Amino acid sequence: MSDILSQLGDILEQRKQAEADSSYVASLYAKGLNKILEKVGEEATETILAAKDAERSGDNKDVIYETADLWFHSLIALSQLGERPEAVLAELDRRFGLSGLEEKAARTRD
């Protein structure tokens, strides 16, 4: 899975150099962080709605689709800020084996 994220990170970096009319991602970069974050918010809402529908229907297809969109747009936002997907994986790795309550307590002490 990390290979897919790394490859996606490479593609997102390449799109920074592309003309805005040559790709969707390049057009988002050209519009700036606020537009990218607007898309993250839109995708988060769509993910929430799809999850609610999935709970009722028992069909997770749409929530998986919307989660992919949310992750994708979140990675574009991170890329715009100079971060790669591996930074998120490293943070998840750091938290592995750490109780969520311990992790939250550590954040409030800092």
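Before I give any surface numbers, let me fix one term: accessible areas here come from the Shrake-Rupley method with a 1.4 Å probe. With that in place, the accessible surface of the protein chain comes to about 7800 Å², and 55% of that surface belongs to carbon and sulfur atoms. I should say at once that what we are looking at is a predicted model, and that the values I quote are computed from it.

Let me start with the overall layout. The protein chain has six helices and zero strands, so that, read from the N terminus, its elements run α-α-α-α-α-α. The C-alpha trace spans about 45 × 40 × 25 Å along its principal axes, and of the 110 residues in the chain, 25% are buried. If we take the contacts between residues at least 6 apart in sequence, 58% of them join residues that are at least 24 apart.

Now to the salt bridges, of which the structure holds ten, and I will go through three of them. In one, D10 pairs with R84, with the closest N and O atoms 2.9 Å apart. D10 sits in helix 1, residues 2-15, whereas R84 sits in the loop between helix 4 and helix 5, and the pair therefore ties together parts that are 74 residues apart in sequence. As for how open these two residues are, D10 is partly exposed, at a relative accessible area of 36%, and R84 also counts as partly exposed, at 27%. The pair does not stand alone, since a network of salt bridges links D10, R84 and E86.

The other two that I chose lie within helix 3, residues 33-57. K35 forms a salt bridge with E38, again with 2.9 Å between the closest N and O atoms, and the two residues are three apart in the helix, which means that about one helical turn separates them. K35 is partly exposed at 27% relative accessibility, and E38 is partly exposed at 46%. Further along the chain, the side chains of D53 and R56 meet in a salt bridge at 2.7 Å, N to O, and here too the spacing is three residues, about one turn of the helix. Which side of the cut-off does each partner fall on, partly exposed or exposed? D53 is partly exposed, with a relative accessible area of 42%, while R56, at 66%, counts as exposed because the limit for that class is over 50%.

For a contrast in accessibility, consider S79, which is placed in helix 4. This residue is buried, with a relative accessible area of 2%. Once its neighbours within four places in sequence are left aside, S79 is in contact with L12, E13, K16 and Y29.

Finally, the pockets. Rolling a probe the size of a water molecule over the atoms shows where empty space is left. In this model, the largest pocket holds about 210 Å³ of space. Ten residues line that pocket, and the closest to its centre are L5, W71, L75, V88 and L92. Helix 4 (61-80) and helix 5 (85-95) are the elements that give two or more residues to the lining. What is the lining made of, by class? It has nine nonpolar residues, one polar residue and no charged residues.

Technical notes: Residues are numbered from 1 along each chain as its sequence is written. This is a predicted model: local features need pLDDT of at least 70, side-chain atom pairs count only at pLDDT 80 or more; totals for chains, interfaces and linings use all residues. Side-chain values use heavy atoms; hydrogens and water are left out. On a 1 Å grid over the protein atoms alone, a cavity is a set of points where a 1.4 Å probe fits but cannot get out, and a pocket is an open set with protein on both sides within 12 Å along at least five of seven lines; lining residues have an atom within 4 Å of a point. Grid points are joined across faces, edges and corners, and a volume is the space filled by probe spheres set on the points. Helices (H or I, at least four residues) and strands (E, at least two) are DSSP runs, numbered from the N terminus. Ala, Val, Leu, Ile, Met, Phe, Trp, Tyr, Cys and Pro count as nonpolar, Asp, Glu, Lys and Arg as charged, and the others, Gly among them, as polar. A salt bridge is a side-chain nitrogen of Lys or Arg within 4 Å of a carboxyl oxygen of Asp or Glu. Buried means under 20% relative accessible area, exposed over 50%, partly exposed in between (1.4 Å probe, protein chains only). Contact means heavy atoms within 4.5 Å.
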